[in-house]
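Let's take a walk through this fold together, one contact at a time. Have the sequence and the 3D view open side by side as you read.

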Amino acid sequence: MKVTVNVLFLLLGGLLGLAIGAWERHQLKRRLQPLLTSLQDTAEVAKSLSLTSLVRRELSYLQQQCQIYQAESQAWQQLLDQAPIGFLYVDAEDHLLWCNTVAQALLQIDRWRPPQIRLLLELVRSYELDQLIQHTRHTQQPHVQEWLFFPSPISFQETKTKLSSESLLLKGHSYPLPQQKVAVFLENLQPLAEIQRQQDRIFSDLTHELRTPLTAISLVAEALHHRLQPPEQDWLKQMLEETERLRTLVDDWLSLARLGENPKQCLDYQVVDLHDILISSWQRLSPLAAEKQVHIAYDGPDQLPCEADHDRLIQVFMNLLDNCIKHSPPGSKISVQARALEEFVLQVDIVDQGEGFHPDNLPHIFERLFQGEPSRSRTQYRAGRQGSGLGLAIAKEIIIAHGGQITASNDPDTGGAHLSVCLPRQRPLDRV
């Protein structure tokens, strides 16, 4: 009797265990079914399959999808590798995850091979590229930037790249990606820059040839000026003024050509005080400012030492201040703020109270011979003083030659023009 009872309890326990196991398998299958992507559209089939079969089928499906994604990834990678522009892919810690052969050639990356992961700054010493990536990651917006890239002195296989050791004009298009990653497309604008340089050289040669006949015309006109009577004398005076304007245009263009051809040889570095340069530039323009009763309001330290070309910076700030004076209403002021952004960078902001730049003209303010139609140019014509259109272009070339930046915008408070100059305090090593 006791044996029968034990057998009965054993059978009941076994049946209970089987029931619990079946119920657990059913619950597990029910919970897994929504997660099995291979059976989303075949729920009826899933009911007829065992749990082991479902898992095996799902693993097979995921393996197939993984192979498809790998094939697509390889196809895109091959496409990017054959693209005529460079491509960089960095993670949230600025590790270079991948780049194509064009980017390796442009940036002279010869110490990296996929699938290595290394810091981008270890491979490419470009402050502008690093800032572009950081700005894109911070704003989560696409950005476009152009800069001069100076290759590292570390040797690179010249037979593969066929790139010179001189600077390259690059244009970067950056795009934010998930997980703080950033993708950058690089364009090599150096061929276009070379074409532009050749055109500028030809134009500069022609401009240089104009100096002799213009000088001859001026000498003859000056000799005849005192021998004639009005109205012929007035006509000759007007001709002298136009001749002088042409000579100024020729000199400005030749100065631009020399800066663009070899900025290193156009700068005479010495220790200067940026505050003294600003004051001296304004004093030279004081007669023009007095005519319109325009005064300056300086805000900044009395001493701002830096390494720069004294005469060239005088030329820069004379051009900028002259532009502001021309377009300032009578009795207004021009605000000049100078400050040290950090240990190695100085910034000067010049703001007038004029009409500002027309929004359509802002991208072209520093282009050669550009004179916008509305807004500021109308003021210039009313004043009867037409410039060469090269003053701001010369200022930009000089600042770039110093390794700095210059930008133009409209001040939100005054509505006038806002010209901002950033200069390194020390002579850039890559321009020695």
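What follows goes from paired strands to aromatic rings, then to charged pairs, cysteines and a patch on the surface. Keep in mind throughout that this is a predicted model.

Start with the strands, and in particular with β5, which covers residues 168–176. On one side, β5 pairs with β4 (residues 143–149) in the antiparallel sense, and 7 bridges hold that pairing. If you want a landmark for the register, look at Leu148, which stands opposite Leu169 in β5. Then turn to β6, residues 182–188, which also runs antiparallel to β5 and is joined to it by 7 bridges. Here the landmark is Lys171, whose bridge partner in β6 is Glu187. Between β5 and β6 the hairpin has 5 residues, and one of the residues to look at there is Gln179, which takes a positive phi near 60 degrees. While you are on the strands, remember that in a regular strand the side chains alternate between the two faces of the sheet.

Now for the rings. How many aromatic pairs does a search of the whole structure find? It finds 3. One of them is Phe87 with Phe185, a tilted pair with 5.0 Å centre to centre and 55 degrees between the planes. Phe87 sits in strand β1 (residues 86–90) while Phe185 belongs to β6, so this contact ties together parts of the chain that are 98 residues apart in sequence. Are the two rings buried or exposed? Phe87 counts as buried at 9% relative accessibility, whereas Phe185 is partly exposed, with a relative accessible area of 25%. Phe185 has another partner too: with Tyr175 it makes an edge-to-face pair, 6.0 Å centre to centre and with 80 degrees between the planes. Tyr175 comes from β5 and Phe185 from β6, so this pair ties together parts that are 10 residues apart in sequence. Tyr175 is partly exposed, at 36% relative accessibility. Step back and you'll see one aromatic cluster made of Phe87, Trp98, Tyr175 and Phe185.

On to the charges. Side chains of opposite charge can pair when their charged atoms come close. The count here comes to 5 salt bridges, and we'll visit some of them. Arg137 bridges to Asp94, with the closest N and O atoms 3.0 Å apart. This pair links distant parts of the chain, 43 residues apart: Arg137 is in helix α6 (residues 127–139), while Asp94 is in the loop between β1 and β2 (95–99). Both Arg137 and Asp94 are buried.

Another salt bridge sits within a helix. Asp322 and Lys326 meet at 3.2 Å, N to O, and both lie in helix α12 (residues 310–326), where 4 residues, about one turn of the helix, separate them. Asp322 is buried, as is Lys326.

Helix α9 offers a further case, with Arg247 and Glu244 meeting in a salt bridge at 4.0 Å, N to O. Where do these two sit relative to each other in helix α9? They are 3 residues apart in that helix (residues 232–261), and therefore separated by about one helical turn. As for cover, Arg247 counts as partly exposed at 31% relative accessibility, and Glu244 is partly exposed as well, with a relative accessible area of 43%.

What about covalent cross-links between cysteines? The count comes to 0 disulfides. Two cysteines to click on anyway are Cys99, buried with a relative accessible area of 2%, and Cys324, buried at 0%.

Finish on the outside, back at the start of the chain. Leu8, Leu12, Leu15 and Leu18 make a nonpolar surface patch of about 430 Å². Leu8 lies in helix α1, which covers residues 2–32. Leu8 is partly exposed, since its relative accessibility is 49% and exposed means over 50%.

Methods. Residues numbered from 1 in each chain as written. Predicted model: local features only at pLDDT ≥ 70, side-chain atom pairs only at ≥ 80, totals over all residues. Heavy atoms only, no water. Pairing = 2+ DSSP bridges. Disulfide = S-S within 2.5 Å. Buried < 20%, exposed > 50% of the residue type's maximum accessible area, 1.4 Å probe, protein only. Phe/Tyr/Trp six-rings, centres within 6.5 Å; stacked < 30°, edge-to-face > 60°. Patch = residues over 30% accessible without salt bridge, like charges linked within 9 Å, V, L, I, M, F, W, Y side chains within 5 Å. Areas by Shrake-Rupley, 256 points an atom, 1.4 Å probe, with all protein chains shown as cover. Salt bridge = Lys/Arg side-chain N within 4 Å of Asp/Glu carboxyl O.
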